[in-house]
Amino acid sequence: MNPFSSGTRLRDMIRAIRACKTAAEERAVVRKECASIRAAVSDNENDYRHRNLAKLMFIHMLGYPTHFGQMECLKLIAAPGFPEKRIGYLGLMLLLDERQEVLMLVTNSLKQDLNHTNQYIVGLALCALGNISSAEMARDLAPEVERLLQFRDPNVRKKAALCSIRIIKKVPDLAENFVNPVASLLKEKHHGVLLTAIQLCADLCMISEEALEYFRKKCTEGLVKVLKDAVNSPYAPEYDISGISDPFLQIRLLRILRILGHGDADASDLMNDILAQVATKTESNKNAGNAILYECVETIMSIEDSGGLRVLAINILGRFLSNRDNNIRYVALNMLMKAISIDGQAVQRHRATILECVKDSDASIRKRALELVSLLVNESNVKPLTKELIDYLEVSDNDFKGDLTVKICSIVEKLSPEKIWYIDQMLKVLCEAGNYVKDEVWHALIVVITNASNLHGYTVRALYRAIQTSGDQEAVVRVAIWCIGEYGDLLVNNIGMLDLEEPMTVTENDVVDAIEVASKRHASDLTTRSMCLVALLKLSSRFPSCSQRIKDIVTQFKGSHLLELQQRSLEFDSIIEKHQNLRSALVERMPVLDEATYSGRRAGSLPAVASTSQGNPLQLPNGVPKTVDAPLLDLLDLSADEPAPPTSSSANFLQDLLGDDILSSSSQSGRIQTQKSGTDVLLDLLSTGSPPAQNGSFTADILSISEDNNNKTTVNALNGLSSPVVTSAQRSHTSPVMDLLDGFGPNPTLPNNGPTFPPLVAFENSSLSLIFKFSKQPGSPQITQIEASFTNKSSEVYTDFIFQAAVPKFLQLHLEPASSNTLPGNGNGSITQKLRVTNNQHGKKSLVMRIRISYKLNNKDMLEEGQISNFPRDL
Amino acid sequence: MIHFVLSISRQGKVRLTKWYSPYTQRERTKVIQELSGMILTRGPKLCNIVEWRGFKVVYRRYAGLYFCMCVNHEDNELEILEIIQYFVETLNRYFGSVCELDLIFHFHQTYYILDEILIAGELQESSKTTVHRLIDAQVIC
């Protein structure tokens with residue numbers, strides 16, 4: 001007989017497949033079988049359908065595709081006989097999952113089977129429905145299942161109960177239909193029905209608040225009684241497991257009591273006695289007993305407090321913790337995490353045991369213990385605990401190191417008592433497991449280092465030593481490079497020695513060596529090498545003697561394949577060579593990084609200002625044009641309570657903010673100035689929105705203004721202008737401006753100008769004066785137009801005159817190009833420049849501004865700086 | 001709730017799979033591969049619980065077969081161990097000293113037995129005699 005006809009018995013096919021020596025042989029056998037099954041399917045053969053489906057299921061379990069058999073399942077389910085239906089339902093559950101649309105076709109068969117007279121067939125249908133029904137099927141068939149909850153046979157009732165669980169999970173709206181039937185099921189005696197009814201009750205309570213209330217009121221007492229009976233029942237062989245009578249039922253009862261008692265004092269009272277009984281009487285030498293005790297402890301922890309019970313529970317946990325069985329210890333560690341919130345002291349007593357569990361050979365136990373330890377740590381025990389954990393870090397497995405480092409770092413960060421301890425611990429962690437440490441960790445370390453200014457010397461020396469010993473840990477190398485770059489001078493000169501340090505002689509060349517080695521190391525990645533370049537730039541300024549050597553190192557990266565390195569190398573080389581005057585300002589000491597903003601940023605809540613990615617502020621030096629603005633803007637927030645930065649660095653910051661302006665816009669403003677000043681004046685006046693038809697008539701008047709300085713004409717001519725914006729053509733004095741402004745006030749044809757403000761002498765010294773004139777447009781009180789005019793009080797002419805201004809965060813400043821950049825002496829002319837300031841806190845804060853004026857006097861660079869805080873209040 | 005039941009041989013061959021939560025075919029193969037890797041490499045003295053993707057997988061080894069059940073984080077692991085024991089004892093009583101070959105050649109009966117013990121990922125019956133009686137009745141039927 002051909003062994004591969006569709007008449008092959010299942011057994012023979014399995015034997016044939018198992019006899020195959022190679023995967024290719026197996027595939028061949030399976031292919032033949034599938035072919036004959038497919039032929040049988042298309043021929044619609046009835047006889048062997050049952051057998052074919054069984055074979056198909058086996059092939060499916062081997063991993064081959066079997067979707068051509070799905071319709072066979074449906075045909076078998078529709079067959080009248082029990083064995084066919086059984087295998088049909090099994091095939092359905094195995095070959096299909098709830099997302100397949102074919103499943104919908106079964107709904108009708110299921111409905112018929114749920115109403116069948118044969119209780120076993122009803123059972124089959126309930127089982128299939130309970131295992132793989134989709135939401136639509138659940139909704140369609142829910143009424144049938146509800147009815148079956150009261151079927152005469154308990155086995156059907158229990159299956160109906162479990163099927164209902166799936167239904168309410170898929171369609172939570174139907175939950176209320178099941179509440180009443182369940183309440184009556186809970187009074188049954190049959191263990192199977194009771195078990196499943198309790199489970200259904202538990203799920204109902206989790207889905208619906210009303211159900212929870214209902215069961216709490218009606219059923220708590222009954223359930224307590226059932227538990228009492230179960231615990232006290234005599235030996236019954238059918239329920240006995242390891243000497244305990246029906247542990248499953250007891251566990252379920254304890255669970256439902258937990259749900260009912262949680263948050264409700266009355267319900268909890270009812271349970272106290274039985275819980276105490278279970279906790280004390282249950283034998284704990286077998287797993288079944290321990291399972292019951294575990295559930296009992298969970299319940300005690302969740303319900304409302306009644307002192308004695310809690311103590312009992314923690315005692316049980318303590319016993320579990322010292323049990324030799326690993327499962328029990330695991331379970332105990334899990335429970336202790338919940339117990340901490342209830343009685344932290346009791347858990348602290350077991351700290352030593354828990355610490356031992358961190359070092360256990362079992363990975364699951366280690367994980368639990370570590371989580372528990374991180375909950376246990378507080379200010380008093382942080383130092384010894386951290387020491388233990390770091391000691392363990394050295395011997396732990398590599399896959400555990402990742403978790404361990406994260407935990408250690410978070411503990412150290414949250415609870416470190418002093419900065420020097422923090423830095424020490426972090427250094428140890430980095431040296432040991434730096435490769436597993438996340439970026440945020442060493443960023444945070446650098447932030448802390450900048451804040452601990454008295455420890456800079458100590459830190460940089462420790463890091464220098466660390467880089468010699470643990471040069472393979474990337475994080476150590478990065479932190480060390482950053483610090484050596486910043487504080488290299490402290491390192492070489494042994495500044496800031498603490499008592500516990502030994503003196504170390506490090507020459508400048510040694511330092512440059514260390515960085516060179518780090519940059520050339522094969523394992524260094526892009527970030528590390530970029531940081532090396534930056535550090536070298538800083539050192540070239542701090543160690544002028546090594547400047548040439550550093551330049552040589554930096555130029556080596558000019559041909560690098562990595563764009564970042566190439567770019568940095570070129571830029572830094574150019575700075576070192578050509579811009580020596582800028583260099584020292586560029587690489588001055590970093591300001592203290594603000595920990596609060598930094599940790600706020602880390603927590604994901606970016607302040608509105610900072611938009612740069614993490615890590616940038618730490619890698620780029622001050623002053624490079626693409627630097628982050630956030631720390632600088634913070635410092636410029638003149639209304640904050642931060643200490644005023646020293647004036648030398650304030651110059652730096654102004655330069656940074658406006659660095660682009662210095663380098664690029666000076667040329668721009670120069671270009672614009674080639675226009676004739678006369679037309680500028682015209683443009684200014686006419687660009688304020690006056691109707692074009694009036695241009696011509698006004699031009700003559702305006703020109704006459706500038707020539708005659710005739711105030712009256714000015715007032716009259718400008719009366720007709722619709723825009724109230726003052727754009728004066730005037731050259732020097734303030735009084736014509738006053739008249740102009742006054743002229744606008746009472747004019748009825750003009751719209752309301754808004755408040756007028758007197759002009760302000762913003763800045764005055766022996767060589768220069770600066771006057772601001774204000775105007776506001778009605779309707780936009782936040783925007784102020786300022787016209788700045790500069791007057792030269794000396795007798796020399798000023799050339800290359802550049803005005804810069806900076807404002808705090810709540811203001812926005814827009815500068816237009818100045819009228820010229822040559823200021824003739826003796827007040828013979830003035831430069832005007834327009835500014836527009838938008839005050840986001842109009843009414844709450846008044847304007848403040850820092851200004852900086854640079855010019856050349858007899859080819860000598862001059863610089864004036866100042867702060868203007870006497871703006872009128874309402875601007 | 002039990003999300004799925006797996007039975008894997010020591011060589012990594014799958015002998016039984018039952019899924020009570022929605023997993024596509026592709027996801028199922030992936031899950032099986034992952035868990036096989038995790039569980040088959042664990043030493044004998046270690047605890048029977050592994051944490052996986054936020055769930056817990058409780059397993060026990062019987063001769064050359066590992067029986068694994070995946071449960072939620074808040075379930076009682078020790079009870080699941082009891083359920084696994086219960087299932088294997090029932091198999092034992094039905095097949096008479098069950099061995100792996102029985103599970104291979106009579107896999108559909110194994111599934112029938114599992115369906116009498118668990119539905120929708122929950123335990124159905126705690127009485128062994130009832131379960132046996134039901135299984136016997138349905139074989140004749």
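The following exercises, each with a worked solution, concern a predicted model of a complex.

Residues are numbered from 1 along each chain as its sequence is written, and chains are lettered from A and ligands numbered from 1 in the order in which they are written. In this predicted model, local features need pLDDT of at least 70, side-chain atom pairs count only at pLDDT 80 or more, and totals for chains, interfaces and linings use all residues, while side-chain values use heavy atoms, with hydrogens and water left out.

**Exercise 1. State what confidence the predictor assigns to chain A and chain B, and where in chain A the pLDDT is below 50.**

Step 1. For the complex, the predictor gives an ipTM of 0.95 and a pTM of 0.66.

Step 2. The pLDDT (the predictor's confidence in each residue, from 0 to 100) averages 91 in chain B, where 99% of the residues score at least 70. Among the elements of chain B (helices being DSSP runs of H or I with at least four residues, and strands runs of E with at least two, numbered from the N terminus), helix α5 (residues 128–140) has the lowest mean, 88, and strand β5 (residues 65–71) has the highest, 95.

Step 3. Chain A averages a pLDDT of 76, and 80% of its residues score at least 70. The pLDDT is below 50 over residues 1–5 of chain A, a stretch with 8 contacts (heavy atoms within 4.5 Å) beyond near neighbours in sequence. Over residues 604–754 of chain A the pLDDT likewise stays under 50, and the model has 168 contacts beyond four places in sequence for that stretch.

Step 4. Where pLDDT is low, the predicted coordinates should not be read in detail.

**Exercise 2. Describe how helix α7 of chain A packs with helix α8 of chain A, and classify the angle.**

Step 1. Two packed helices are described by the angle between their axes and the distance between the axes. The axes of α7(A) (residues 119–132) and α8(A) (residues 135–148) come within 12 Å and cross at roughly 140 degrees; here axes are lines fitted to C-alpha atoms, for helices over the stretch in contact, and angles run from 0 to 180 degrees between N-to-C directions.

Step 2. Angles under 35 degrees count as roughly parallel, over 145 as roughly antiparallel, 65 to 115 as roughly perpendicular and the rest as oblique, and α7(A) and α8(A) are therefore oblique to each other.

Step 3. On the α7(A) side, A:Val122, A:Leu126 and A:Leu129 meet A:Met137, A:Leu141, A:Val145 and A:Leu148 of α8(A). The residues of this contact divide into 7 nonpolar, no polar and no charged, where Ala, Val, Leu, Ile, Met, Phe, Trp, Tyr, Cys and Pro count as nonpolar, Asp, Glu, Lys and Arg as charged, and the others, Gly among them, as polar.

**Exercise 3. Carry out the analysis for helix α15 of chain A and helix α17 of chain A.**

Step 1. α15(A) (residues 287–302) and α17(A) (residues 326–340) pack at an angle of about 5 degrees, with their axes 11 Å apart, and these helices are therefore roughly parallel to each other.

Step 2. The contact involves A:Asn290, A:Tyr294, A:Val297, A:Glu298 and A:Met301 of α15(A), together with A:Ile328, A:Val331, A:Asn334, A:Met335, A:Lys338 and A:Ala339 of α17(A). Its residues divide into 7 nonpolar, 2 polar and 2 charged.

**Exercise 4. Reconstruct the open sheet of 5 strands in chain B, and place helices α1 and α2 of chain B against its strands.**

Step 1. The order is β2-β1-β5-β4-β3, with antiparallel pairing (two strands pair if DSSP finds at least two bridges between them). The edge strands are β2 (14–19) and β3, each pairing on one side only, and the twist averages 20 degrees from one strand to the next.

Step 2. Strand β1(B) (residues 2–9) pairs with β5(B) over 7 bridges, and B:Leu6 has B:Cys68 as its bridge partner in β5(B).

Step 3. β4(B) and β5(B) pair over 7 bridges and form a hairpin with 2 residues between them, where B:Ala63 in the turn has a positive phi of about 50 degrees.

Step 4. β3(B) (residues 49–52) and β4(B) (residues 55–62) pair over 4 bridges, with B:Glu51 standing opposite B:Lys56.

Step 5. Helix α1(B) (residues 25–40) packs on the sheet, touching β1, β2, β3, β4 and β5, and its direction makes about 135 degrees with that of β3(B). Helix α2(B) (residues 77–95) lies across β1, β2, β3, β4 and β5, running at about 40 degrees to β4(B).
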